[in-house]
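Open the model in your viewer and keep the selection tool handy. We will walk through it stop by stop, selecting as we go.

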Amino acid sequence: MELPAQTTMGRHHRVLMVSDFFYPNFGGVENHIYYLSQCLLQRGHKVVVVTHAYGTRSGVRYMTNGLKVYYIPWLPFFMQNTLPTFYGTFPLIRNILIREGITIVHGHQAFSTLCHEALLHARTMGNKVVFTDHSLYGFADLGSIHMNKVLQFTLADVQQAICVSHTSKENTVLRSNLPSQKVFVIPNAVDTAMFKPDPSLRPSDQVVIVVISRLVYRKGADLLVEVIPAVCKRFPNVYFIVGGDGPKRVRLEEMREKHSLQDRVEMLGAVPHARVRSILVRGHIFLNSSLTEAFCIAILEAASCGLLTVSTRVGGVPEVLPLDMIVLAEPVPADMVSAVGRAIQLLPSINPFEMHKRMKTLYSWMDVAKRTEVVYDHAVNSDSNDLCERLTRLVYLMYYACGPWAGKLFCLVAVIDYIFALFLQWWQPAELVEVAPDFPVQ
Amino acid sequence: METEEKPVLNGEKHVVDYPRYTYECEGHIQALASVHRIIVKQRKGRFFKIFWLTLMLCSFLLIFNSIFVSQVINGLECIFLLSTLIVRMFQKNEVTEEAVILMPMLGVQLETSYHSGKVMRRFLPMQKILAAVINEAVTPTTCYFYLALLVREKSELTLVFQEVRPPLDVLISIWKALNDATNFQPNYPASIG
């Protein structure tokens, strides 16, 4: 275990992670925030997480190593997102920023309304702001257009941004008109200690292909419906294990019935994350058929368990694994079937333990934390936050980049936020807000 | 930041000043009791602000209601009366002082005194109290520390201070005193302070 070493520039930051997505909800963003926070805590920084209340879980909770989590009592209204009231969360966020003595606010996920609001308020309060984008989004449909506008507004004022792959960086820069020098690329990582290979659990007479994903359109469930029967027909010794649930599960069940594949395709339903490893180690090959992916952590987990991956060549997937650990194909059924064929031929040359050892050196959360620290140091050293200078920059950026109407509207929002900050200073002066004590890291 | 751990002797008061409250701590060795008081400081300008806000609100309402333009003078008198009534209503429910009286052998008494002269008292026998805890409360607009007691056969925490929100140092010293009181063993010599 690493001792809490001095950072490269010797400074310890006090970071506030903000997102609508955190435990007890499970997913990529949630894991990212948790593991990153734990590694930063071990490196000597202070980390506090803010998210919305989940059911009756509201208030302050402490997680491992003294990670403080604020479940603020604003309930989600749509797809895990808090109701966007623009200024509603300002008093509470301001209170939290003052009592914890926060220097940097780190927002996660463009789809999170709490994140956008918190970043706006943090800038008004004078804190430095970093934003991490975890997904790829489109440009053409109505929802994406609106979200990109909001993103332009939030990112107009951000110090640094982080993306999880180069493809994701391109996507974010195009959507938000952010200068690319401000965007860092820090890939996600995987907890290799939890995902260890166990070849003894694999059958020796069959080739087992594992699929674990949400069965939705985005994750290519329709592709699976075409690919599975074709592969079963061409390779008689192949056995499929499909884990996960979603709206497209019905189609997969239908496919199974239609081609009488009940004894060759096993449907497991929703799999809790703790059980994913036990299912992965039963397989030889991991099949990922996503239609869009910024960075696929599922592939990392599979590679860490010693499985060979077959995946669609979309988004950031080609950047994830070295080419001898992955077989790529176009998101077309015929190409994917031939890719599976190539993978089956490659199987004898794969050593699961070698793969696991390589993954340990390639990806680690401590490495992600060190690189994030560099981003924080850059953010802290960046330009000042004089109000006039900030407003001038905002006016220029927003008027020219966002368009005439949206630009004016966003400037108005920023100015009203500042007036609200002055009102809050009168109503509840910053000097009277108590500073919360820090708890030592175990 | 630690408060001084001076032994509090008979009848001696230990007073600490905070921006919003005054904290007084008294100890009585013979009665084996100690009293912790939180006195809310009277801020002169406070009701004036509420008064002015009500006044402005009512005058805006009146201006929009142009039917009564001719009766503006009477209207102003009504506004004045209304504002005074609202101010008096706020004042009556205002808390002037909250106190905790610790009697290690008997129990704990919690007092709340209002501006109207009314005093509300609650007594908790010592056997019923399991422990004292300091917790953080998060509301939609703010976040603060509070002191509460775990009471037997009750699923909810009993708040020690209903209205006032003293700073963390005060809560910690009262918590320590409560802890000593709940763990008090009659066979051992009394240790005060």
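Over which residues near the end of our first selection, chain B, does pLDDT stay under 50, and how many contacts beyond four places in sequence does the model have for them? Select residues 185-193 of chain B: that is the stretch where pLDDT stays under 50, and the model has seven contacts for it beyond four places in sequence. Keep in mind throughout that this is a predicted model.

**Stop 1: chain B as a whole**

Now widen the selection to the whole of chain B and colour by confidence. The average pLDDT is 77, and 74% of the residues score at least 70. Residues 1-6 of chain B have pLDDT below 50, with three contacts in the model beyond near neighbours in sequence.

Switch to a cartoon view. Chain B has three helices and nine strands, and from the N terminus on the elements run β-β-β-α-α-β-β-β-β-β-β-α. Of the 193 residues in chain B, buried ones make up 38%. If you plot a contact map, take the contacts in chain B with a separation of 6 or more: residues 24 or more positions apart account for 41% of them.

**Stop 2: a salt bridge within chain B**

Select B:Asp17 and B:Lys41 and show their side chains. They form a salt bridge, with the closest N and O atoms 3.1 Å apart. B:Asp17 sits in strand β1 (residues 13-17) of chain B, while B:Lys41 is in the loop between β3 (33-40) and α1 (46-64) of chain B, so the pair ties together parts that are 24 residues apart in sequence. Turn on a surface and look at both partners: B:Asp17 is exposed, with a relative accessible area of 55%, whereas B:Lys41 is partly exposed at 27% relative accessibility.

**Stop 3: where the two chains meet**

Next, bring chain A into view. The predictor gives the complex an ipTM of 0.79 and a pTM of 0.85. Select the contacts across the interface and you should pick up 18 residues of chain A and 15 residues of chain B. Between them the chains bury about 1400 Å², 60% of it on carbon and sulfur atoms. Highlight A:Arg99, A:Leu432 and A:Glu434: these supply 33% of the area that chain A buries against chain B, more than any other three residues.

What about polar pairing? Six residue pairs are in polar contact between chain A and chain B, with both residues at pLDDT 80 or more. On the side of chain A that touches chain B, the elements that give two or more residues are β3 (59-63), β4 (67-72) and α2 (90-100) of chain A. Select α2(A) among these, as it gives the most, with four residues. By type, the residues on this side of chain A divide into twelve nonpolar, three polar and three charged.

The count of salt bridges between the two chains is two. For one of them, zoom in on A:Lys68 and B:Glu136, whose side chains meet at 3.1 Å, N to O.

**Stop 4: the loop between β15 and β16 of chain A**

Select A:Met325, in the loop between β15 (308-312) and β16 (326-329) of chain A. Is A:Met325 buried or exposed? With 2% relative accessibility, A:Met325 counts as buried, because the cut-off for buried is under 20%. Leaving aside neighbours within four places in sequence, A:Met325 is in contact with A:Leu308, A:Thr309, A:Met355, A:Arg358 and A:Met359. Try a distance label too: A:Met325 and A:Val310 are 15 residues apart in sequence and 9.0 Å apart in space, C-alpha to C-alpha.

Keep A:Arg358 selected and add A:Asp324. Their side chains meet in a salt bridge, 2.8 Å from N to O. The pair links distant parts of the chain, with A:Asp324 in the loop between β15 and β16 of chain A and A:Arg358 in helix α11 (residues 352-362) of chain A, 34 residues apart. Both are partly exposed, A:Asp324 at 46% relative accessibility and A:Arg358 at 33%.

**Stop 5: a pair within one helix**

Finish at helix α7 (residues 249-258) of chain A, where A:Glu253 and A:Arg256 lie three residues apart, about one turn of the helix. They form a salt bridge, with the closest N and O atoms 3.5 Å apart. A:Glu253 is partly exposed, with a relative accessible area of 27%, but A:Arg256 is buried, at 17%.

Technical notes
Residues numbered from 1 in each chain as written. Chains lettered and ligands numbered in written order. Heavy atoms only, no water. Contact = heavy atoms within 4.5 Å. Buried area = accessible area lost by both parts, 1.4 Å probe. Salt bridge = Lys/Arg side-chain N within 4 Å of Asp/Glu carboxyl O. Polar contact = N/O pair within 3.5 Å; in protein donor to acceptor, adjacent residues only side chain to side chain. Nonpolar A, V, L, I, M, F, W, Y, C, P; charged D, E, K, R; others polar. pLDDT = per-residue confidence, 0-100. Buried < 20%, exposed > 50% of the residue type's maximum accessible area, 1.4 Å probe, protein only.
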